Structure formats: C-alpha cells, structure tokens
Amino acid sequence: MTQFDRVIHMDADTIVINPFDELFDTEYSLAYTTDPNMATFKGELGLPVQGGFLVLRPSLADYKAIVNIVMTVPFRNGGGWNNSHIGWYWGGMTIQGVLAYYYYLVTPGRHLKLDRCIYNTMADTIPCSTQTLSEIKTAHFTVCQKPWICDTWRGDFHENLCVKLQERWFELRQKAEEFYGIPVVPKACKKRGKKHYIPMQLENARIPVDSGITPFNAPVKLDPLPGAGFTKIDKKL
C-alpha cells in the first residue's frame with residue numbers, strides 16, 4: 001500500500017465520531033493509542049500498542065523489518081520479545097506487541113502516542129469517561145460492549161458515555177441503511193440481549209452511483225463477504 005501517504009486501520013467494533021484530519025499531516029511512521037489495562041509491566045515500554053486504531057505511513061522497509069522480527073526474534077514466556085518485557089500481554093505476539101517492540105526499541109522516535117481519551121476511546125478509565133461526544137474522535141466498543149449485543153455496561157462510571165456512544169452507533173447505522181438503499185430499522189434492539197438484535201438487510205445493498213466515494217474499480221453493487229450469511233444477488237441495476 002505504498003501508493004498511499006497514510007493508511008488508517010480501525011477494528012470492526014470502532015466508530016468515527018468526529019474528523020481526525022490532523023493525523024494525516026503528522027510525519028510520524030505510526031500514530032497509535034495504548035492499552036494500560038492490558039499491561040503486565042510498568043513504564044512506557046510495558047504499554048501495548050492498542051490494535052483498534054492505527055495511523056501508518058506505508059513503508060516496505062518497515063514491513064520487512066517487522067516480518068524479520070516475527071521470524072527471527074525470540075518471544076519468551078514472561079518476558080515477551082527478546083525478554084524486553086514488551087509483548088507479554090494479550091495480543092503481544094501479534095500487532096499489539098510486535099509494533100511496540102519495533103517502534104519502542106528497534107526504531108525509536110518515529111511513533112506518536114495519541115490521547116486515548118480522544119482517539120480510540122474505550123471509556124475504560126474515569127478520565128476517559130468524562131469526555132463529550134464533541135471531543136471524541138473515534139471510539140472502540142470494548143468495555144462499552146458491542147452495540148449489536150443490545151446491552152451496555154451499567155451501574156459504573158462508564159455508563160453515561162457508553163450509552164451515548166451506542167446511541168451514536170445506531171444513528172450511523174440508520175444513515176448507512178439510507179445510503180445503501182435498504183430498509184431502515186428504527187429500533188434494531190427490540191430489547192436487551194444479543195438474540196434480539198435485528199441485522200442490517202445487506203443482501204440488496206447498493207452504493208449510489210453519484211455518491212462520489214466508489215473506490216477505484218469497485219462495483220456499484222456491494223457484494224456480501226463470503227460466509228457472511230447474506231445472499232448474493234446478481235440482477236442488473
């Protein structure tokens with residue numbers, strides 16, 4: 001993907017609340033948030049790179065160097081990558097640890113740690129639960145639970161923001177249904193519990209020809225992903 005100046009990776013359980021154009025202007029190779037709740041060791045080196053939101057400058061040299069780490073650097077139980085204490089946490093053998101090892105130790109000074117209450121917020125600390133939606137750029141549904149589970153964290157400091165984030169997700173879902181020309185479901189959670197969630201009816205979804213966002217040579221029709229459980233319809237528009 002070196003034809004692009006920047007690549008944004010976001011997990012499927014994240015949401016964009018406000019524009020973050022400022023991150024496209026940074027000269028850092030990696031902009032990221034951390035996840036202190038998963039850290040095993042104290043200090044900056046012990047902080048995982050949270051894999052739910054990454055802003056990268058594509059580089060073949062960086063890619064080859066990271067592959068080389070995976071192939072040649074030992075990962076020790078209790079010690080992480082090369083016994084550096086980096087990576088001994090959930091996801092440490094993959095992106096959340098290998099990126100930390102590469103940018104913290106191998107090529108330091110090329111990464112930008114973002115405010116995790118603003119970018120990729122999980123509302124998982126008291127300071128990160130006091131933000132307003134107007135302040136937040138992106139959110140990650142971990143502690144707040146996935147909206148399609150039809151439940152949220154209740155009875156703790158997270159609750160107020162978690163409820164607002166889920167409400168925004170359902171608002172965007174309805175806008176997506178309108179955009180793709182499929183039935184708009186006014187209340188996708190009939191009541192609490194995953195079994196009561198009404199999925200989007202994507203089998204007839206279409207990208208509007210005049211939307212201006214159809215990428216490259218993508219078809220106007222939005223085909224469901226293999227194994228998604230939706231029926232592919234081949235009729236002409």
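This report covers one pocket and two backbone outliers in a predicted model.

## The second largest pocket

The second largest pocket holds about 500 Å³ of space. Its lining counts 19 residues. Nearest the centre of this pocket lie Leu56, Pro58, Ser59, Tyr63 and Ile66.

Nonpolar residues number 13 in this lining. Four lining residues are polar, and two are charged.

## Elements that build the lining

Two strands and two helices each supply at least two residues to the lining of the second largest pocket. The strands are S1 (7-10) and S4 (49-56). The helices are H1 (60-72) and H2, and H2 spans 95-106.

Which element gives the most to the lining of this pocket? Helix H1 does, with five residues.

## Positive phi outside glycine

Most residues other than glycine have a negative phi. Two residues here are worth checking against that background.

Asn83 is not a glycine, yet its phi is positive, at about 60°. Asn83 sits in a loop. That loop runs between strand S6 (80-81) and helix H2 (95-106).

Gln145 also is not a glycine and has a positive phi, of about 70°. Its loop lies between strand S8 (138-140) and helix H3 (159-180).

## Exposure of Gln145

Is Gln145 buried, partly exposed or exposed? The relative accessible area of Gln145 is 29%. Buried means under 20% and exposed means over 50%, so Gln145 counts as partly exposed.

Key: Residues numbered from 1 in each chain as written. Predicted model: local features only at pLDDT ≥ 70, side-chain atom pairs only at ≥ 80, totals over all residues. Heavy atoms only, no water. Helix = DSSP H or I, 4+ residues; strand = E, 2+ residues; numbered from the N terminus. Buried < 20%, exposed > 50% of the residue type's maximum accessible area, 1.4 Å probe, protein only. 1 Å grid on protein atoms, 1.4 Å probe; cavity = no way out; pocket = protein on both sides within 12 Å on 5 of 7 lines; lining within 4 Å. Points joined across faces, edges and corners; volume = space filled by probe spheres on them. Nonpolar A, V, L, I, M, F, W, Y, C, P; charged D, E, K, R; others polar.
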